[in-house]
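Here's a friendly walk through a structure you may not have met before. Take a look at it first, and then we'll go through where its chains meet and how some of its pieces are arranged.

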Amino acid sequence: MSKIKWLWSIRLGAIALLLSFSAMSAESPLQINSDTACMKCHKRNGSMLGHHGQDTMKMSCSSCHGEKGDHPKKPNDLVVFGLQEGSDLDKQLAVCRKCHTPKKLSAAEWTHNVHAKKVPCAACHKLHSATDPMVEMTPKVRSELCSSCHAGKQE
Amino acid sequence: MENSKRRFLKGTCALLAGATGASLLTTVNASESAKAGSDIKYAMVHDESKCIGCRACEVACREVNDVPEGVSRIQILQTGPFGEYPNQFYHFSRKSCQHCEDAPCVNVCPTGAAFIDKETGIVSVNAWKCVGCQYCIAACPYQVRFINPVTHAADKCDFCRETNLAQGKQPACVAACPTKALVFGNLKDSTSEIVQVLRANPTQRAKVALGTRPKLFRILAKSGEVVL
Amino acid sequence: MSALHFDTLVWHWPIAIYLFLAGVSAGAMFFAVLLKHFVLKQNAYKSGFVRAACIIAPVAVMAGLGILVADLTKPLDFWKILVFYNPTSVMSMGVLILLIYQVFMFMWIGLTFRKPVDDWCETRFPIVLKLTALLARFEAAITGLLVILSLALGAYTGFLLSALPGYPMLKNPVLPLLFLVSGLSSGAAAALLGGVLMNGKPDDKEVHFIHKVEIPLILVEIVLLFTFFMGLVLTGGQSKVATFNALGYGFWGWVFWVGIVGFGLSGPLAMNLFMTSTSKRKWAYVAGTACLSLLGVILLRNFILYTGQMTIA
């Protein structure tokens with residue numbers, strides 16, 4: 001009897017250990033999210049889980065968004081990414097193009113060529129979420145993305 | 001012996017003449033009735049200057065007509081890029097059934113499974129009658145026919161004759177096109193949008209030299225490569 | 001683009017084999033009729049060569065049909081081809097010709113072997129004698145129609161391909177003639193090969209007769225082949241492109257120049273001329289020549305089918 005109890009406790013213990021381990025790996029605090037200067041305030045915006053946040057890339061918030069400067073007290077040079085409420089188009093594009101050359105972009109996907117210097121990358125790409133919605137799109141989602149801008153236009 | 005030979009020759013000649021006459025008569029009759037029949041003749045225009053290559057038409061066609069993965073009734077073919085970075089562009093053209101007036105697929109089909117619908121002029125397939133000899137696939141100069149892996153019958157675009165059109169809607173590709181690059185309509189109705197578009201624009205059809213008289217028109221994009 | 005797999009390829013080698021077998025059957029029947037009519041008369045049934053032709057013709061045409069049916073995507077629905085007809089379809093009309101051809105083929109075979117058939121049935125099935133007597137009354141008509149039908153069948157194998165407007169090399173008026181002539185010569189070769197295998201003597205008058213017909217047949221075939229490609233080149237455009245694609249370097253170029261022109265046409269022509277002039281006919285000579293002819297025709301069917309589909313309009 002006692003032997004069975006004993007075995008059960010080992011089993012439960014093992015399961016608990018595994019569970020705690022998987023919970024830990026799900027949170028997996030990336031280095032970039034412990035950037036105290038930014039995360040003090042921006043915790044409410046959620047954390048950076050995307051490809052660019054992985055530790056081996058050694059990137060910080062400022063790698064893309066620029067140095068903090070007088071933010072948030074005075075007008076500043078921080079880059080905001082997005083189609084409608086983002087910074088100037090050229091400013092946004094310049095950040096991405098530091099690493100992503102037109103040649104590589106062209107090789108990866110033809111739509112880069114026709115949108116180059118017309119819309120910011122963030123119009124389609126979302127870098128903070130764990131997976132970029134542009135990765136592994138179904139044909140249907142892809143065509144809907146096109147028509148979200150092109151619909152009704154007569155170009 | 002001489003006599004029997006002569007009789008045989010006479011008989012053969014009469015037989016041949018009769019058979020030829022009969023088959024000619026049926027062919028002539030068929031084309032006559034098609035001409036007189038209906039006041040609908042559907043056609044389509046693909047305005048390549050408006051097409052952005054989003055392939056919403058391909059997606060919609062697959063959904064509406066239940067086309068299995070791996071085959072397709074419509075494909076958007078892409079060429080390019082043209083021009084210099086950052087002002088590059090592509091050219092898109094539609095590959096799908098041209099709904100020929102004189103359709104090679106219909107002419108060669110041994111069972112009549114490939115047919116032209118007399119009411120609408122749409123080239124269509126009776127999947128039940130099809131035995132899968134693939135003669136139509138070889139005969140089509142536009143390479144738009146395929147064997148449907150589910151039905152094992154020849155398949156292709158039928159302007160949604162059995163789906164959207166039967167429900168009084170526009171073909172799926174036309175309804176899905178965000179830039180209105182596709183216009184579908186009745187050539188015999190002079191007030192229809194398609195007739196207006198055809199009158200207002202120079203259009204082209206593919207491989208007209210073959211005498212197939214296709215009903216898929218294209219408005220060429222002004223920009224793009226000059227193909228010799 | 002590989003020689004045997006490419007995007008515009010719709011019909012594969014089974015179709016070429018079918019076309020070959022239909023041609024062999026038509027040619028074998030054609031030569032059997034000629035042999036009986038011009039050489040053997042009432043003794044035709046005693047000849048090993050006529051016997052061989054009368055076995056080869058039905059077996060080949062049925063094997064061909066079997067391959068055709070097996071190649072359908074819905075083989076079990078093949079009966080629909082026999083029920084529904086389309087007067088504008090070469091295939092539909094060809095199936096009709098094939099069926100009528102088979103009826104006349106069996107009637108003619110029955111007539112040719114009337115004596116042994118009658119002898120065998122006399123005591124067992126006396127009714128059959130009435131049937132053969134009835135057939136015999138229409139012998140001239142049956143023979144004449146069989147010749148016409150076998151020629152039609154041979155030409156049909158070419159028309160089947162020349163009705164494809166999307167392939168400029170196949171859409172060619174010379175193709176049915178070319179296939180008819182090469183089909184006839186393959187039938188002659190099959191009858192010779194079968195004949196010598198069935199103890200026909202290589203120096204029989206049948207062999208002399210067939211060889212005499214075969215020489216002009218091969219010459220006509222060479223002329224037709226030349227006209228075929230010359231016509232394509234002079235048509236220009238994609239037809240010209242198709243010709244150079246087919247005859248140029250590469251797998252099919254080798255097949256054409258070495259296999260068809262070399263082994264299939266020049267070889268048998270030289271052997272036939274040699275055998276006619278020296279009047280030496282050995283078993284190996286006749287069989288070897290026939291094999292070369294058959295090889296050439298199989299290669300020609302495959303060559304035309306594949307290279308024809310390589311270039312589109």
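Where chain A meets chain B, 16 residues of chain A are in contact with 15 residues of chain B. Keep in mind that this is a predicted model. On the chain A side, α6 (111-115) and α7 (139-150) each chip in at least two residues. The largest share comes from α7(A), with 6 residues. Sorted by class, the chain A side has 7 nonpolar, 5 polar and 4 charged residues.

Chain C also touches chain B: here 29 residues of chain C are in contact with 31 residues of chain B. Three elements of chain C give two or more residues to that side, namely α3 (79-83), α4 (90-112) and α7 (139-162). The largest share, 5 residues, belongs to α7(C). By class, the chain C side splits into 18 nonpolar, 8 polar and 3 charged residues.

Staying with chain C, an unreviewed UniProt entry lists several stretches as "transmembrane region", among them residues 134-157 and 249-271. Here's how those two look in the model:

| Span | Helix | Strand | Distance between end C-alpha atoms |
|---|---|---|---|
| Residues 134-157 of chain C | 96% | 0% | 33 Å |
| Residues 249-271 of chain C | 91% | 0% | 28 Å |

Next, how do helices α11 and α12 of chain C cross? The axes of α11 (residues 251-278) and α12 (residues 283-310) come within 8 Å and cross at roughly 150 degrees. Because of that angle, α11(C) is roughly antiparallel to α12(C). Their crossing is left-handed. As for what sits in the contact between α11(C) and α12(C), there are 17 nonpolar and 8 polar residues, with no charged ones.

Over in chain B, there's an open sheet of 3 strands, in the order β8-β1-β9 and with mixed pairing. Its edge strands are β8 (182-186) and β9 (216-219) of chain B, and each of them pairs on one side only. From one strand to the next, the twist averages 20 degrees. Strand β1 (residues 42-47) of chain B pairs with β8(B) in the antiparallel sense, over 5 bridges. To pick out one spot, H46(B) has L182(B), in β8(B), as its bridge partner. Packing on this sheet is helix α6 (residues 193-200) of chain B, which touches β1, β8 and β9 of chain B. The direction of α6(B) makes about 115 degrees with that of β8(B).

Definitions and conventions:
Residues are numbered from 1 along each chain as its sequence is written. Chains are lettered from A and ligands numbered from 1 in the order in which they are written. This is a predicted model: local features need pLDDT of at least 70, side-chain atom pairs count only at pLDDT 80 or more; totals for chains, interfaces and linings use all residues. Axes are lines fitted to C-alpha atoms, for helices over the stretch in contact, and angles run from 0 to 180 degrees between N-to-C directions. Helices (H or I, at least four residues) and strands (E, at least two) are DSSP runs, numbered from the N terminus. Angles under 35 degrees count as roughly parallel, over 145 as roughly antiparallel, 65 to 115 as roughly perpendicular and the rest as oblique. A crossing is left-handed if the near helix is turned anticlockwise from the far one by less than a right angle, and right-handed if clockwise. Ala, Val, Leu, Ile, Met, Phe, Trp, Tyr, Cys and Pro count as nonpolar, Asp, Glu, Lys and Arg as charged, and the others, Gly among them, as polar. Two residues are in contact if their C-beta atoms, placed from the backbone, lie within 7 Å. UniProt positions are given in the numbering used here, feature names are shortened, and annotations may be inferred rather than shown by experiment. Two strands pair if DSSP finds at least two bridges between them.
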